[in-house]
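Subject: Structure for your review

Dear colleague,

Please find the structure below, handed over together with its sequence. I would be glad if you could look through it with the notes that come after it at hand.

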Amino acid sequence: MNQSGLNGISSPAFRGAAFMVLAGLGFTLVNVVTQHVTMNLGLSPTADAFWQYGFALLFSLPVVVKAGFRALATRRPLTHLARVALSVFGVQAWVMGLANGVPIWQAIALVMTSPFFVTSGAALFLGEKVTVERWGAISLGFAGAMVILSPWSDAFSLYSLLPVLAAALWGGASLLTKSLLPKESSATVTVWLLLLLTPVNAAFSVAAGFQWPDGEVLGWVALSGLVMALAQYWLAKAYESADAAYVQPFDDLKLPLNVAAGWIVFGYAPEGYLWLGAAMILIASMANIAVEQRRLRAA
């Protein structure tokens, strides 16, 4: 590989995109486990959210021990609290949608509205420059999601609006994550999220009727907690490496990943113009990385 190729791989743009794709892979696995334990094994959505994030916190503790408790030091506790409030309601909306039979591929398509929230917020609140080309890439990705979703069809359900709500809430949480990272490490941001989410999710779980997982359910939620911890860390690293407006379209790649997972595991046969929409999303992501590479070379 020549020197320019090595420089491209080591660039912040490549790292940001790679971490976002890794996070997408992690969240895909978490989504499959969530739908399996809630629909097939009888765990309530609130209990799943609590145990999943509780195990994620447990698995993140070695990071705190390794870095020392100074890793928890923060000068912006209110920002962490606001981020957690948005995240926890997003989690509840998302899990509720999956538990009520919204197919994974459809839910992910609806979550593709998130780049609009993130990009608009990045321009308005973080001062990031969002070019016409970036807006075009994000719009193409969103259009691809809508082609797949076909919200005008008879199969559309009100429960499908829950992932849209989750997208808006998580978009706000992503902006707060990006605002924290210039002065705090990705490990700090991840641990604070999990540390504060756990008691809030516990309150939701108790209010709905607390459930103890056992046997097969315990194994699945422990696995999803481990993967959740890794995915949250990779997501923070993505925002730490590059602009939020740049890395967000790579989140669209979760769509084909979740389509494949839902098809293989649950037999959700994708309807409509799935592959056309997936191609539009992939083209949007590739166009976005080309725009960013040109910007970096010019700089």
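What follows is an account of what was found, going from the overall make-up to individual residues.

Please keep in mind throughout that this is a predicted model. The protein has 13 helices and 0 strands, so that the order of elements from the N terminus on is given by α-α-α-α-α-α-α-α-α-α-α-α-α. Of the 299 residues in the protein, 53% are buried, and the accessible surface comes to about 13200 Å², with 70% of that surface belonging to carbon and sulfur atoms. Among contacts with a separation of 6 or more, 89% are accounted for by residues 24 or more positions apart.

Turning to the interior, the largest nonpolar core has 54 residues, and Met-20, Trp-94 and Tyr-246 are those with the most contacts inside it. Separate from this is a second core of 11 residues, which includes Phe-50, Phe-55, Ala-202 and Val-217. Two members of that second core, Phe-50 and Phe-55, also belong to one aromatic cluster, in which they are joined by Trp-51, Phe-59, Phe-210 and Trp-212. Phe-50 is also touched by Thr-198, whose other contacts, leaving aside residues up to four places away in sequence, are Tyr-53, Gly-54 and Leu-57. Thr-198 itself is found in helix H9, which covers residues 186-208, and with a relative accessible area of 14% Thr-198 is buried, because the limit for that class is under 20%.

Helix H5, made up of residues 104-111, is mostly covered, with 8 of its 8 residues buried. The buried residues in question are Ile-104, Trp-105, Gln-106, Ala-107, Ile-108, Ala-109, Leu-110 and Val-111.

A search of the whole structure for aromatic pairs finds 9 of them. One of these is formed by Phe-89 and Phe-204, which are arranged edge-to-face, at 5.8 Å centre to centre and with 90 degrees between the planes. Since Phe-89 lies in helix H4 (residues 77-99) and Phe-204 in helix H9, the pair ties together parts that are 115 residues apart in sequence. Both partners are partly exposed, Phe-89 with a relative accessible area of 47% and Phe-204 with one of 28%.

As to charged side chains, the structure holds 1 salt bridge, in which the side chains of Lys-237 and Glu-240 meet at 3.1 Å, N to O. Both residues lie in helix H10, which spans residues 215-241, and they are 3 residues apart, about one turn of the helix. Glu-240 is partly exposed, with a relative accessible area of 33%.

Finally, on the surface, Leu-29, Leu-41, Trp-220 and Leu-223 form a nonpolar patch, and their accessible area together is about 290 Å². Leu-29 is found in helix H2, which consists of residues 12-40, and is partly exposed, with a relative accessible area of 37%; this residue can therefore count towards a patch, for which over 30% is required.

With best regards

Technical notes:
Residues numbered from 1 in each chain as written. Predicted model: local features only at pLDDT ≥ 70, side-chain atom pairs only at ≥ 80, totals over all residues. Heavy atoms only, no water. Patch = residues over 30% accessible without salt bridge, like charges linked within 9 Å, V, L, I, M, F, W, Y side chains within 5 Å. Areas by Shrake-Rupley, 256 points an atom, 1.4 Å probe, with all protein chains shown as cover. Salt bridge = Lys/Arg side-chain N within 4 Å of Asp/Glu carboxyl O. Helix = DSSP H or I, 4+ residues; strand = E, 2+ residues; numbered from the N terminus. Buried < 20%, exposed > 50% of the residue type's maximum accessible area, 1.4 Å probe, protein only. Contact = heavy atoms within 4.5 Å. Core = buried A, V, L, I, M, F, W, Y, C linked by side-chain atoms within 4.5 Å. Phe/Tyr/Trp six-rings, centres within 6.5 Å; stacked < 30°, edge-to-face > 60°.
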